[in-house]
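Could you walk me through this structure, starting with a residue in the interior and working out to the pockets, cavities and loops? Plain language is fine.

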Amino acid sequence: MEHSTEKKLGLMALTAMVVGSMIGAGIFSLPRTFGGATGVIGAIIAWAIAGSGMYTLARVFQTLAERKPRLDAGVFAYAKAGFGDYLGFLSAFGYWIGSCIGNVSYWVLIKSTLGAFFPIFGDGNTVIAIATASAGIWLFHFLILRGVQQAAFINAVVTVAKVIPILLFIVVLFVAFKLDLFRANLWGVQAPDGPSLFEQVRLTMLVTVFVFLGIEGASVYSRYASQRSHVGVATLIGFVSALFLMVLVSLLPYAVMEQADIAALRQPSMAGVLAAVVGPWGAVFISAGLLISVLGAYLAWSLICAEVLHAASNNDDMPRIFARENKNGVPSAALWLTNIIVQLFVISTYWSTDAFALMLSLTSAMSLIPYFLVAGYGFMLARRGETYEDGKARQRDLVIAAIAALYTAFMVYAGGMKFVLLSALLYAPGSVLYYWARREQRRRLFTRFELLVFVAAWAGCIAAIVGLVRGWIAI
């Protein structure tokens, strides 16, 4: 009986999940991130690439939701179906740990926001800031263990708290729009030895991935959808709505401030931009909205992290212990491991010069492998003609999946070798969980191809350790 009551997420609820997942911490940091890298033209090119690429990825999610309705364990189920058990595991592990690091970025942004009003928090990496965040992590942990995920009113409050400051920000900047300033910022700061336009665009690419994380929100909860077709439609509506807001938030500041001034703002930079236009109350208003929004998003993503481990365990991709639930129906073992990882990363921010930028880029890098495998599976399905009777639909989906795969591969390149190596630093040791799960199931560990992937992951991991020790890789 309980399952039938759960299975009632309509189109609006699924769309809200996509928008709610995508609009979290990232959007509040966009002005400085873009202002520090490029001007208006570079920002438009970056959003055109990101929007087109993520649109094709959203279409692949839509297609797979309709053509493979039985694969409802989330993003990694597609990787497993297409590329075997070990890559399915890596996809689940990468998506899970990427989401954990995303949760760390929420705490960094909260600490940095408080630092604007209370200097003791600094830029979010002081001992007091880390102690406060640690208290918050475990407070949420014990709240969730009591079954707080059923509190729907929290989600409603958070959604309003997110959207009101963002809409006010957009309206105020439209009113204050200065065309001459916008023109002056068109090409950004053009130093003779400065980065080329391509390089400027490349510098913003991982950020665009970060703000689109959550595009698969409807797919993660697809088994609860009242109609299967709603999953794809919700993904597209949510994507377009979020893209519209994010483009405006990153472009409008160029019409009210010089690019160099935008680049010099502290995070969350939306607060600094609004304060420059309307005075100090603007920073307070945005900061208050951000704190409520980010704490709500943190609650949602803590549940997603635990749900990913739980679903992967039920799918035989993770050790059985993570399928365990407490009396409130919360996957407790999965939640404990999630929050231990979040705690360790929060402590690591003490040694980081720009903790938010690092966590943001690392979250994006970890999420790209699962996204790439989803696009690859969509391509394989269309190429083989599996589930297709209409030749035209098959050709269309083949092209869309190919573009999505190229886009995610380009994103890995755009992020740079540093983040490929840092993600290997997490993927390789994470394989211990795979070994544990295979031992439990008494199944063969690797195929020949999987062994090559495993060796490559460890080679990258060792290279990352050497790079960190020698100072070649800076965090």
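Leave aside residues up to four places away in sequence, and L57 touches Y371, A375 and A404. This is a predicted model, so take these contacts as features of the prediction. L57 itself sits in helix α4, which runs over residues 40-67. Its relative accessibility is 0%, so L57 counts as buried. There's also a long jump along the chain here: L57 and A401 are 344 residues apart in sequence, yet their C-alpha atoms are 7.2 Å apart in space.

M205 tells a similar kind of story. This residue lies in helix α10, and with 0% relative accessibility M205 counts as buried. What does M205 touch, once you skip residues up to four places away in sequence? The list is A46, I49, F410, M411 and A414. Take I49 from that list: 156 residues separate I49 from M205 along the chain, while 8.7 Å separates their C-alpha atoms.

Then there's S431, found in helix α19. Is S431 buried or exposed? At 5% relative accessibility, S431 counts as buried, since the cut-off for that label is under 20%. Again not counting residues up to four places away in sequence, S431 touches Y86, F89, L90 and F454.

Now for the empty space. Rolling a probe the size of a water molecule over the atoms shows where such space is left. The second largest pocket holds about 620 Å³. Its lining is made of 24 residues, and T33, L203, V207, A357 and S361 are the ones nearest the centre. Which elements give two or more residues to that lining? They are α3 (30-35), α10 (197-212), α17 (355-384), α18 (391-415) and α19 (417-441). Helix α17 provides the largest share, with 5 residues. As for chemistry, the lining of the second largest pocket divides into 13 nonpolar, 7 polar and 4 charged residues.

Cavities come next. Searching the whole structure turns up 3 of them at 30 Å³ or more, and the largest cavity contains about 180 Å³ of space. Around the largest cavity are 20 lining residues, with Y106, F210, L213, W301 and T363 closest to its centre. Two or more lining residues come from each of α2 (11-22), α6 (85-115), α10 and α17. The largest share here belongs to α6, which gives 6 residues. By type, the lining of the largest cavity has 9 nonpolar, 10 polar and 1 charged residue. If you're colouring helices on screen, α10 and α17 are worth picking out: they are among the elements listed for the lining of the second largest pocket, and they are listed for the largest cavity too.

Helix α2, one of the elements lining that cavity, deserves a quick check of its own. At 1.5 Å a residue, its 12 residues should span 16 Å, and the end C-alpha atoms are 17 Å apart, which agrees. Which residues of α2 are buried? They are L14, T15, V18, S21 and M22. These residues cover an arc of only 135° around the axis, so they lie on the same side of α2.

Helix α14, over residues 269-278, has buried residues as well: S269, M270, A271, V273 and L274. Just after α14 comes G279, which takes a positive phi of about 105°.

Positive phi also turns up in residues other than glycine. D316 is one of these, with phi near 65°. You'll find D316 in the loop between α15 (280-314) and α16 (332-348). Its relative accessible area is 38%, so D316 is partly exposed.

R442 is another residue other than glycine with a positive phi, in this case near 50°. This one belongs to the loop between α19 and α20 (448-470). How exposed is R442? At 80% relative accessibility, R442 counts as exposed, because that label needs over 50%.

Methods. Residues numbered from 1 in each chain as written. Predicted model: local features only at pLDDT ≥ 70, side-chain atom pairs only at ≥ 80, totals over all residues. Heavy atoms only, no water. 1 Å grid on protein atoms, 1.4 Å probe; cavity = no way out; pocket = protein on both sides within 12 Å on 5 of 7 lines; lining within 4 Å. Points joined across faces, edges and corners; volume = space filled by probe spheres on them. Helix = DSSP H or I, 4+ residues; strand = E, 2+ residues; numbered from the N terminus. Nonpolar A, V, L, I, M, F, W, Y, C, P; charged D, E, K, R; others polar. Buried < 20%, exposed > 50% of the residue type's maximum accessible area, 1.4 Å probe, protein only. Contact = heavy atoms within 4.5 Å. Expected span 1.5 Å × (residues − 1). Arc of directions from axis to C-beta.
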